[in-house]
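Me: I am new to this structure and would like to go through it in short questions. Please keep the replies plain.

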Amino acid sequence: SAGAKRFLADIATAGGGKAYTADDANALANAFNSIIQEALATDTTFVSATAPVNSFNRQDHKDQLYFSLFRPSNTDRWPGNLKRYRMGVQNGSPLVLDQDNAPAIDANTGVFRSNARSWWSSSNDGSNVSAGGAANQLKHPNNRNIVTNINGDKALTPLTTSLTPAQIGAANNTERDTLVNYIRGFETGTNNLRQALGDPIHSTPSLVTYGCTARDPDGNCSSEVQSAIIGTNEGFVQMFDTNTGEEQFAFMPKELLGNIKRLSLNANMPDKRSPHLYGMDNSVTVWANDVNNNGSIDSGESVYAYASMGRGGRSIYALDITNRTSPKIEWIIQGGSGEFTRLGQTWSAPIKTKI
């Protein structure tokens, strides 16, 4: 009725949104499509945060905050990033502070202020997902440490043009080179740098402390050797130095190499009627095997990372990341094969426990 439509419109207006009506399935589908397009057109940032425990004094927590960010898009690529802030207190109230010691979040809107500056950023990156952060610190594509397991279940090799066209889903050597150059950081078919990370929709950064380089007068660690590891839907498990934001390695399982072509083309999703691409779509569980419990990974000790794929696939990867720039595969659970034929998408993040 007209009264019901007016009521619906009044509710939408009060909430700052829009009202849609439909009389049949076709109109309903069009209404939903309009709603989705409106949402995707809004420059909204979605975040997931984590804060590290001080490994050197387990009674305390560090003040660092790490946010995984992404912005939805109506194309295959969704921008993502990893940014660092800190938790502080001003005028008796706790709040998130930026690198300039100013409030990072607008209290009225709940999103990052436009003039906020995260760690590792040379200028104000604010609520712009793609600006600043770890994405801005990516090395030149030719110098990035990107590996895959294409030449064996456990062997990791550089993801370069040494791959065959078939291994990366290319028709010939020329297309292979284009796809490899894209995923290493060039815009498709050009020498322009992308400086971009994939979207970590369901991935919260995990942190691991490797050691300490400086201590305060009380003996507490004031400068840690620490890394953050995260999975993204570009298809990577990536690790970053938390002091500099520099990428230490990026690992892409061979089963996700076929996604690179779609990402490079960046076609419009509604036109193709295809869902969003997923890759390493989950938080990475870390086990720092600090045997002597001194807060440092010494000789003979180890660090392992366990990465599941969420909506990206059916496998679980165990990586030895004791060397922060030279990961190794410990083991792989391959869903759909061997003893795991009935294993579906690995939505659950692994839990480390003693049995």
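What follows is a set of questions and replies about this predicted model.

Me: How many helices and strands does the protein have?
Reply: The model is predicted, and its chain holds 355 residues, of which 45% count as buried. Among contacts between residues at least 6 apart in sequence, 52% join residues at least 24 apart. The count of elements is seven helices and 14 strands.

Me: In what order do the six strands of the open sheet stand?
Reply: Strands of a sheet pair through backbone hydrogen bonds, either parallel or antiparallel. In this open sheet of six strands the pairing is mixed. The order is S6-S5-S10-S9-S8-S7.

Me: Which strands stand at the edges of that sheet?
Reply: A strand at the edge has a single partner strand, so one side of it is left without a neighbour in the sheet. Two strands stand this way, one covering residues 157–158 and the other 206–215. They are S6 and S7.

Me: Which residue in S8 is the bridge partner of Leu207?
Reply: S7 pairs with S8 (residues 221–231) over eight bridges in the antiparallel sense. The two strands form a hairpin with five residues between them, and Gly219 in the turn has a positive phi of about 90°. One opposite pair is Ala214 and Ser223. For Leu207, the bridge partner in S8 is Ala228.

Me: Which residue in S9 stands opposite Ile230?
Reply: S8, with eight of its 11 residues buried, is joined to S9 (residues 237–241) by five bridges, and the two run antiparallel. Their hairpin has five residues between the strands, and Gly235 takes a positive phi near 110° there. The residue opposite Ile230 is Gln238.

Me: How many residues are in the largest nonpolar core?
Reply: Leu159, Ile229, Val237, Phe251, Met252, Ile260 and Ile321 touch the most other members of this core. Beyond four places in sequence, the contacts of Ile229 include Val237, Phe249, Val284 and Ile321. A second, separate core has 11 residues, including Leu82, Trp119, Leu197 and Phe240. The largest core has 38 residues.

Me: Is Leu97 buried or exposed?
Reply: Leu97 lies in strand S4, residues 93–97. Leaving aside neighbours within four places in sequence, its contacts include Tyr85, Arg86, Pro103 and Trp119. The relative accessible area of Leu97 is 1%, and the limit for buried is under 20%. Leu97 is therefore buried.

Me: How far apart are the C-alpha atoms of Leu97 and Arg84?
Reply: Along the chain, Leu97 and Arg84 are 13 residues apart. In space, the separation of their C-alpha atoms is 9.8 Å.

Me: How many of the six residues of S13 are buried?
Reply: In a regular strand the side chains alternate between the two faces of the sheet. On one side of S13, Ser315, Tyr317 and Leu319 are buried, and on the other Ile316, Ala318 and Asp320 are buried. S13 is largely enclosed by the rest of the structure, because the buried count is six of the six.

Me: Which residue in S14 is the bridge partner of Tyr317?
Reply: S13 is joined to S12 by five bridges, and the two run antiparallel; in that pairing Ala305 has Leu319 as its bridge partner. S13 also pairs with S14 (residues 328–334) in the antiparallel sense, over six bridges. The partner of Tyr317 in S14 is Ile332.

Me: Where is Met309 found?
Reply: Met309 counts as buried, at 0% relative accessibility. Its contacts beyond four places in sequence include Glu255, Leu256, Met280 and Thr346. The C-alpha atoms of Met309 and Val284 are 9.5 Å apart, with their places 25 residues apart in sequence as the separation. Met309 is in the loop between strand S12 (302–308) and strand S13 (315–320).

Me: How much space lies in the second largest pocket?
Reply: The pocket is lined by 20 residues, and the closest to its centre are Arg77, Trp78, Arg194, Ala196 and Leu197. By class, the lining has eight nonpolar, six polar and six charged residues. The space in this pocket is about 260 Å³.

Definitions and conventions: Residues numbered from 1 in each chain as written. Predicted model: local features only at pLDDT ≥ 70, side-chain atom pairs only at ≥ 80, totals over all residues. Heavy atoms only, no water. Core = buried A, V, L, I, M, F, W, Y, C linked by side-chain atoms within 4.5 Å. Buried < 20%, exposed > 50% of the residue type's maximum accessible area, 1.4 Å probe, protein only. Contact = heavy atoms within 4.5 Å. Helix = DSSP H or I, 4+ residues; strand = E, 2+ residues; numbered from the N terminus. 1 Å grid on protein atoms, 1.4 Å probe; cavity = no way out; pocket = protein on both sides within 12 Å on 5 of 7 lines; lining within 4 Å. Points joined across faces, edges and corners; volume = space filled by probe spheres on them. Nonpolar A, V, L, I, M, F, W, Y, C, P; charged D, E, K, R; others polar. Pairing = 2+ DSSP bridges.
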